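Okay, thanks everyone for squeezing in. I'd like to talk about salt bridges today, so let's get the picture up.

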Amino acid sequence: MEENLCRDNYRDQPPCGELEYIHGLAARGVHYLHRPGPTLQDLGFFLLPELGQDKAYISETLFTAIFLSFVLWTFHPFIFKSKKIYTVLIWCRVLSFLVASQALRIVTFYSTQLPGPNYHCREGSKLATLPPPESVLEVLLINFPRGVIYGCGDLIFSSHMIFTLVFVLTYQKYGSRRCIKQLGWLLAVVQSLLIIASRKHYTVDVVVAWYTVNLVVFFIDKKLPELPDRTSAAAALLLPLSTKDNKDGRTKEENHKLLNGNSVDPADWRQRTQANGKILEDGHALHPDSAMNGA
């Protein structure tokens, strides 16, 4: 079923790989424009002690743990018997959030270039500025991964916080464990503080990420069809397993509409209840009928 969903949704999704490369290319380009200078006055720098260059790995370690935990959660339907989400549909949603946020990030860090607060972006560092490229190929290759790790100038707003907040917001809506939701928000706050304490970003970069990503997710989520609950009962109601089960003449397009949360002719589907809605913390989906009956 996931393979069919991947094939059906592939053409509807933005070219995420290409857009992520464009984001990397833009970040590499702004490094050529970066001019090191004195670190700007920052409230977060005043309140949070500097971790030091030898402890910069702490924020990266936490980010890696958040990233891997989210990936493992999205793929858990392939491992555990409890199947409440569709991996393909979750990632289609997540990638849409990421692409929109990264596009806004490109606009903001090209609008104003600030002197980087990170250690390799400060005055006196050889990595703070880049010599003019010798060829177009040098720019297109973006010197991966060194060029990504030691980039300067792409500050407003934090890319790490984009990924962190998108993951936390997605689990907040489709996850089923309250304790993990609370832990996710706590880790997002800790990640924000560590980024500032590591001097990888100014406080404004983190603050802008918090409200921008939340707004992006809110508005895009309203435009996208709601995800169905992947329980065995809901799956049996939503999709026939084979053409033999499709005896009542339902078309592939109708099944696809149902799976993506769209409605079809009610006269043809009176016996089928759409499993829309966010997943509750007890692991059950919120059905419209039960909400109307006061259950």
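Quick bit of vocabulary before we start: buried means under 20% relative accessible area, exposed means over 50%, and partly exposed is what lies in between. Also, keep in mind that this is a predicted model.

So, how many salt bridges does the structure hold? There are 5, and I'll walk you through some of them.

Let's begin with Glu-50 and Arg-122, whose closest N and O atoms are 3.4 Å apart. These two come from distant parts of the chain, 72 residues apart: Glu-50 is in the loop between helices H3 and H4, and Arg-122 is in the loop between H5 and H6. Buried or exposed? Well, Arg-122 has 24% relative accessibility, so we call it partly exposed. Glu-50, with 41%, is partly exposed too.

Next up, Asp-221 and Arg-93. Here the closest N and O atoms are 2.9 Å apart. Again the pair joins distant parts of the chain, with Asp-221 in helix H10 and Arg-93 in helix H5, 128 residues apart. Both Asp-221 and Arg-93 are buried. And there's a third player: Lys-173 is linked with Arg-93 and Asp-221 in a salt-bridge network.

Last one from me: Asp-154 and Arg-105 form a salt bridge at 3.4 Å, N to O. Asp-154 sits in the loop between helices H7 and H8, while Arg-105 is in helix H5, so the bridge ties together parts 49 residues apart in sequence. Arg-105 is buried, at just 2% relative accessible area. Asp-154 comes in at 17%, which is under the 20% cut-off, so Asp-154 counts as buried as well.

Technical notes. Residues are numbered from 1 along each chain as its sequence is written. This is a predicted model: local features need pLDDT of at least 70, side-chain atom pairs count only at pLDDT 80 or more; totals for chains, interfaces and linings use all residues. Side-chain values use heavy atoms; hydrogens and water are left out. A salt bridge is a side-chain nitrogen of Lys or Arg within 4 Å of a carboxyl oxygen of Asp or Glu. Helices (H or I, at least four residues) and strands (E, at least two) are DSSP runs, numbered from the N terminus. Buried means under 20% relative accessible area, exposed over 50%, partly exposed in between (1.4 Å probe, protein chains only).
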